[in-house]
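Visitor: I would like to go through some of the labels attached to this model and hear the reasoning behind each. Could you take me through them in turn?

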Amino acid sequence: MKILKYLLYAAVAMTILAAGTFYGLYRWASADLPNFTKITDYRPALVTTVYDREGGVLGYFYHEKRFLVRLDEMNKWLPMAFLAAEDAAFYNHEGVDLMAIFRAFLVNLKSGRVKQGGSTITQQIVKQLLLTNEKSYERKLKEAILAYRLENYLTKEEILTIYLNEIFLGSHSYGVEAASRTYFGKHALDLTLAECAMLAGLPQAPSRYSPYANFDLAKDRQRYVLGQMRSQGWISTAQYREALEQEIVLERMPDPSWGTGAYYLEEVRRWLIDRYGENEVYERGMSVYTACDPQHQAAAEAALRKGLEDVAKRRGWNGPLGNVDEDPVWIERLDGQSVNPEELDDGQWLLAMVTKVGKSSASVRVGPLDGVIPVASMSWCREPNLKLRASWAPKITDARKVVRKGDVVWVSVKKRPEEGEQTWTFDLEVEPEVQGALVSIAPETGEVPALVGGYDYMKSEYNRATQAKRQPGSAFKPLVYSVALDNGMTPATLIKDTAIVFENEDGSVWRPENYARRFYGWLSLRTALVKSKNLVTIRVAHKVGISKIIERAKALGLEADFPQDLSVALGSASVTPMNLCSAYTVFPRGGSWVEPRLVLEVKDVWGEPIYASEPVSHDVISPQTAYQICYLMQEVVQQGTGRRARVLGRPLAGKTGTTNDEHDAWFMGYSPYLLTGVYVGFDEPRSMGAGEAGSTTALPIWIDYRKEIEGNYPVQEFAQPEGIVIARASFEEGSRDGVHMVSYFLPFKEGTQPAPTPTTEPGTTMPGGQGVDDDLFKQGF
């Protein structure tokens, strides 16, 4: 009996000692535990998604590729598969599975090191969100304590939701939704049982078990997970076998980021960071809704690319990219080019090696394809000469003067082989150095349906639409003439188009010239704008005063360092294309300009609006002045430097712009429903070559873009406001053929129009109205 008594005492003592030891360990481990309740405010790093106006994805911003999803937004098998693989007793324990820990203890004891953890899903969450990845019993004890506390604070469903969104599953994918998109190209809700099981096999070693890296190991893990699910009675044997037999098709969901709309996306990114900060943009899972129209954007990018390529060809041929005999690195680049004949599109660019050259063509090798470049495709390959217009240069008729055997060149697909033939037909291409930008704004709302900031975003992220300040040249003139119309002049006011010489304060002399270096004598304000006459514009600016012009430009939102001299009237103050486009909206809007709007709405991760934009406009000029400029700019399209745009057959207004030595070329054109500006030039300003003016360089790009989207809009005339009278004005005016009597219907502010006389035909008006006569100015009627 004494022995039993002593044994009882010993057992009690051991129990008390064990309890004390456990309590001591608990107090020791609990002393510096992090606050577990912050898990309840689960805010993981999430993907911010940017949408176009049609609801398509324009792009993503993220530090960790994670999309937050609820359990009801997953296939029902997905949580079960992860539980089978990681924690089958999840719904039966309170955060710690003692049996699993004991099994891990035995394994670790046998191996002599920490080899297995035995952690529950709750413990894994605690480790990932609160603790470190250190493998030690101290960390394990803290993990168990926190897991127990968390189980008494959150529901099982909440814990499982956090786990499935937090877990890293390889290939830059965090959470099951990102992994579903990465491995199977679908959403978590659309997965099959087989796919769920394969994802559930990844957490142990995401890189090792990645189906992209080692498909056989991934299948082994899938088989293990499916076996666990069957042993738990969660799936039947038939379902087990069916899932194992299902063919797994690996596919990544397309990521549109930095593809079509890359420059637009970058501008949105910059705006978001300025407003919310980088961490918020890259981690808070916002939904950003933009004004980007996918059809507009694709058309704008295609038009700008083609236009810049055309400029490059007009500049002439600078030779091949290289030659395989002189630089073997080209052989590696050619071999590394993936060419699938079934997937080639017409116009697609490829690298080609010249294998043989004759007078009429060059034979080339493009991957596995044999092809030919006809000499007709090389007709533009003249020796560069910036002083000679491309249209005046003789065409190349001998391919041997352009390429030689071994040359590596860019080609584009022109024609596939006919049935039974093997030879493809290619066009010779050249990648442009010249850059450009295109911006479209809806005048009524300020929404920006298209924005392109360069030839290729992947080669240059510099956004010329919003960052490049360039001289607009004559595209600035409508602003000057709007000031003139507000200071006593009318469209019929005559101004002398003759030589001018100005002496600067430093003693230097400025002799401005017209673009064609001709003088026409007396010209009306109307014709001076239509024909873009520099000397008349300078006289107008001198008459009204530089300060008024600068004041008008600033009132229209133009941000530039305006020179305090008459050169400002010819567009010497540098502005961005976006800035000039917003200023131009004053004309189709009837006197107020509107701020551009790229981002229309921003929502937080829960779908709650945190930003919504509304049109912001600024009244600057009268509706009558705005209409007069619109009217005259329609004349620019009908009879002036913008007449190429007549091909669209719609009411359009516009103005070209060209700077000295063809450094910059512009076309600003609009209808009542859409305003588009195009800029072309080098990043480091230099001449694009003779003839590269706004009408020949920028306008064709404008036309190519507008051709693709005009069908979306009904034909619309510019609305004539009250206070405007359309009257005939007749007067003598100069031209390249001498002085002639001309007669125009022009818009006059009521009270300034010519007075009708009884002797004139119906609708005809004769002299009358206000005058601003001096030796350089007079009223044309």
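Visitor: Why is the contact of Asp72 with Arg70 called a salt bridge?

Guide: In this predicted model, the side chains of Asp72 and Arg70 come to 3.1 Å, nitrogen to oxygen. A salt bridge requires an Arg or Lys side-chain nitrogen within 4 Å of a carboxyl oxygen of Asp or Glu, and 3.1 Å satisfies that limit, so the pair is called a salt bridge.

Visitor: What makes the pair of Glu73 and Arg70 a salt bridge?

Guide: The closest N and O atoms of Glu73 and Arg70 are 3.6 Å apart, and because the limit is 4 Å, this pair also qualifies. Arg70 therefore has salt bridges with Asp72 and with Glu73.

Visitor: How do you know whether Asp72 and Glu73 are buried, partly exposed or exposed?

Guide: Asp72 has a relative accessibility of 55%, and because exposed means over 50%, Asp72 counts as exposed. Glu73, with a relative accessible area of 29%, lies between the limits of 20% and 50% and is therefore partly exposed.

Visitor: What separates Arg181 and Glu177 along helix 7, and why is their contact a salt bridge?

Guide: Arg181 and Glu177 are 4 residues apart in helix 7 (residues 176-184), so about one helical turn separates them. Their side chains meet at 2.8 Å, N to O, which is within 4 Å, and therefore the contact is a salt bridge. Arg181 has 13% relative accessibility and counts as buried, because buried means under 20%; Glu177, at 3%, is buried for the same reason.

Visitor: How many salt bridges does the structure hold, and which residues are linked in a network?

Guide: The structure holds 28 salt bridges. Arg53, Glu447 and Arg597 are linked in a network of them.

Visitor: What makes Arg518 eligible for a positive surface patch?

Guide: Arg518 has a relative accessible area of 38%, which puts it in the partly exposed class, and because a patch residue needs over 30% and no salt bridge, that value meets the area requirement. The patch is formed by Arg518, Lys531, Arg643, Arg644, Arg646 and Arg736, and it is called positive because Lys and Arg count as positive. Arg518 itself is placed in the loop between strand 14 (509-510) and strand 15 (521-524).

Visitor: What is notable about the phi angles of Ser532 and Asp661?

Guide: Ser532 has a positive phi of about 55 degrees although it is not a glycine, and Asp661, likewise not a glycine, has a positive phi of about 60 degrees. Ser532 is found in the loop between helix 16 (525-530) and helix 17 (534-544), whereas Asp661 is in the loop between strand 20 (653-658) and strand 21 (664-670). Ser532 is buried, because its 11% relative accessibility is under 20%; Asp661, at 52%, is over 50% and therefore exposed.

Visitor: How many disulfides does the search find, and are Cys381 and Cys630 buried or exposed?

Guide: The search of the whole structure finds 0 disulfides, so no pair of cysteine sulfur atoms was found within 2.5 Å. Cys381 is buried at 6% relative accessibility, and Cys630 is buried at 2%, because both values are under 20%.

Visitor: Why is Pro615 called partly exposed?

Guide: The relative accessible area of Pro615 is 41%, between 20% and 50%, and therefore Pro615 is partly exposed. Pro615 is in the loop between strand 18 (609-612) and strand 19 (617-619).

How values were computed. Residues numbered from 1 in each chain as written. Predicted model: local features only at pLDDT ≥ 70, side-chain atom pairs only at ≥ 80, totals over all residues. Heavy atoms only, no water. Patch = residues over 30% accessible without salt bridge, like charges linked within 9 Å, V, L, I, M, F, W, Y side chains within 5 Å. Areas by Shrake-Rupley, 256 points an atom, 1.4 Å probe, with all protein chains shown as cover. Charge placed at Lys NZ, Arg CZ, Asp CG, Glu CD. Helix = DSSP H or I, 4+ residues; strand = E, 2+ residues; numbered from the N terminus. Buried < 20%, exposed > 50% of the residue type's maximum accessible area, 1.4 Å probe, protein only.
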